[in-house]
Amino acid sequence: MRGVLAGAAAVALIACGNGDTAQDGATEVQGAAPDAAAEPEPAGRVVVTTNVLGDVVATIVGDDAEVEVIMPPGSNPHEFAPSARQAAAMREADLLIVNGAKFEEGLISAIEGAKADGVPVYEAISPIEPLQFEDHGHGHGHGHDHGHEHGHEGEGHGHGHVHEGDDPHFFTDPARMAIAVEGMAEALSTHIEGLDTEEFRARVADYVAQLQALDAEVEAMLAPIPAERRVLVTNHDVYSYFADRYGFEVLGVLIPGGATLAEPSAADLADLAAAIEAEGVPAIFVDAAAPPRLAEALAAEVGIEVEVVTLFAESLGPPDSGAETYLEMVRTNAERVLAALS
Ligand SMILES: [Zn+2]
């Protein structure tokens, strides 16, 4: 059983790096009498890459296992690179939960390292039918061919349905998150010893119900937005699942390619400005974790008034941001979309 030793090693590493976590996993006493009144020790150690999934996993796991989240609030998950200590924690985990579909580009080698060390790696997106990145060009014939070709087969990354053009941002739709939670719960109960209890299953069911209620709430909240204003222009291609679920069109994105590392061409931006003007789009939505400069510059260039609105696209916000948890983040974003487009 590697769990206890690996757990202790990870705890020792954490103790050096992070003063705010008083870990008690290392004090586990093997010979303790099975006292009915004693609280069971945490069964294992789950490491989660993104803070969105970290909040979700911590909520359903409760105190029944340790949960370490790699990316702090406000991180850009496409670019976040782990510290040496974090990479070690990933390799020592009893289960590593990642978003998947190459979302965490800066963590790919750390994730591969964990896999090579035998850590079970679960991709949260795996139960979701992935949307494909679309060319949001407007028929102007600029070759948006930055790796958008679909269906590269035989890449050997172990998940047959994950393809080059798969959009990883499923979490912008709480209904899909509810499906993902069931999958994560299954992985947790498989890989974390002693977690598969009635209490755990009750927490999972309760959280799934909250997500479904939130989904209905968001749908009702956005209902007053008229059809012709259900148009999103965003900093990068993050809201396709949201758009698909709630009946919006993604008219265009500033940064091509589905991540945040590429640079748009002047011609692409001119096209987008023209489309915004032609459609009378009132707002450009930017990610809280990315600088709004490009959106502000574009808004200034468009011949109509365009508001730049910050959303918590793919990372939780700091305290008092209205996006401290996944549930709050989804609700806050929906409120801001409503305010900007209605
Ligand atoms: Zn993204």
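**Figure 1. Strand β5 and its pairing with strand β6 in the predicted model.** Six of the six residues of strand β5 (residues 231–236) are buried, so this strand is largely enclosed by the rest of the structure. Strand β5 pairs with strand β6 (residues 249–255) in the parallel sense, over five bridges. At His 236, the bridge partner in β6 is Ile 255. His 236 also coordinates the zinc ion through its NE2 atom, and the zinc site is the subject of the next view.

**Figure 2. Coordination of the zinc ion by three histidines and a glutamate.** The NE2 atoms of His 78, His 169 and His 236, together with an OE atom of Glu 314, coordinate the zinc ion at 1.9 to 2.1 Å. The site is tetrahedral, with angles of 96 to 117° among the four donor atoms. Along the chain, the donors follow the spacing H-x90-H-x66-H-x77-E. Two of these donors, His 169 and Glu 314, link distant parts of the chain, as they lie 145 residues apart. His 169 belongs to the loop between β4 (121–123) and α5 (174–191), while Glu 314 belongs to the loop between β8 (307–311) and α10 (326–341). Both His 169 and Glu 314 are buried.

**Figure 3. Asp 166, a buried acidic residue without a salt bridge.** Asp 166 is found in the loop between β4 and α5, the loop that also contains the zinc donor His 169. Asp 166 is buried and forms no salt bridge. The nearest side chain of opposite charge is that of Lys 102, at a distance of 9.1 Å. The side chain of Asp 166 is instead joined to that of Gln 132 by a polar contact of 2.7 Å.

**Figure 4. A salt bridge within helix α4.** The structure holds 12 salt bridges, among them the one between Lys 115 and Glu 112. The closest N and O atoms of this pair are 3.5 Å apart. Both residues lie in helix α4 (residues 108–116), where a separation of three residues corresponds to about one turn of the helix. Lys 115 is partly exposed, with a relative accessible area of 31%. Glu 112 is likewise partly exposed, with a relative accessible area of 41%.

**Figure 5. The salt bridge between Asp 196 and Arg 201.** In this pair, the closest N and O atoms are 2.5 Å apart. Asp 196 has a relative accessible area of 43% and is therefore partly exposed. Arg 201 also counts as partly exposed, at 44% relative accessibility.

**Figure 6. A salt bridge between helices α6 and α7, and a network of shared partners.** Arg 245 forms a salt bridge with Glu 219, with 3.4 Å between the closest N and O atoms. The pair links distant parts of the chain: Arg 245 is in helix α7 (residues 240–246) and Glu 219 is in helix α6 (residues 198–222), 26 residues apart. Arg 245 is partly exposed at 26% relative accessibility, and Glu 219 is partly exposed at 42%. Elsewhere, Arg 45, Glu 66, Glu 68 and Arg 85 are joined into one network by salt bridges that share partners.

Conventions
Residues numbered from 1 in each chain as written. Predicted model: local features only at pLDDT ≥ 70, side-chain atom pairs only at ≥ 80, totals over all residues. Heavy atoms only, no water. Donors = N, O, S within 2.8 Å, 3.2 Å for Na, K, Ca; no water. Tetrahedral: all angles 85-135°; square planar, octahedral: opposite > 155°, others 65-115°. Helix = DSSP H or I, 4+ residues; strand = E, 2+ residues; numbered from the N terminus. Buried < 20%, exposed > 50% of the residue type's maximum accessible area, 1.4 Å probe, protein only. Salt bridge = Lys/Arg side-chain N within 4 Å of Asp/Glu carboxyl O. Lys, Arg positive; Asp, Glu negative; His and termini not counted. Polar contact = N/O pair within 3.5 Å; in protein donor to acceptor, adjacent residues only side chain to side chain. Pairing = 2+ DSSP bridges.
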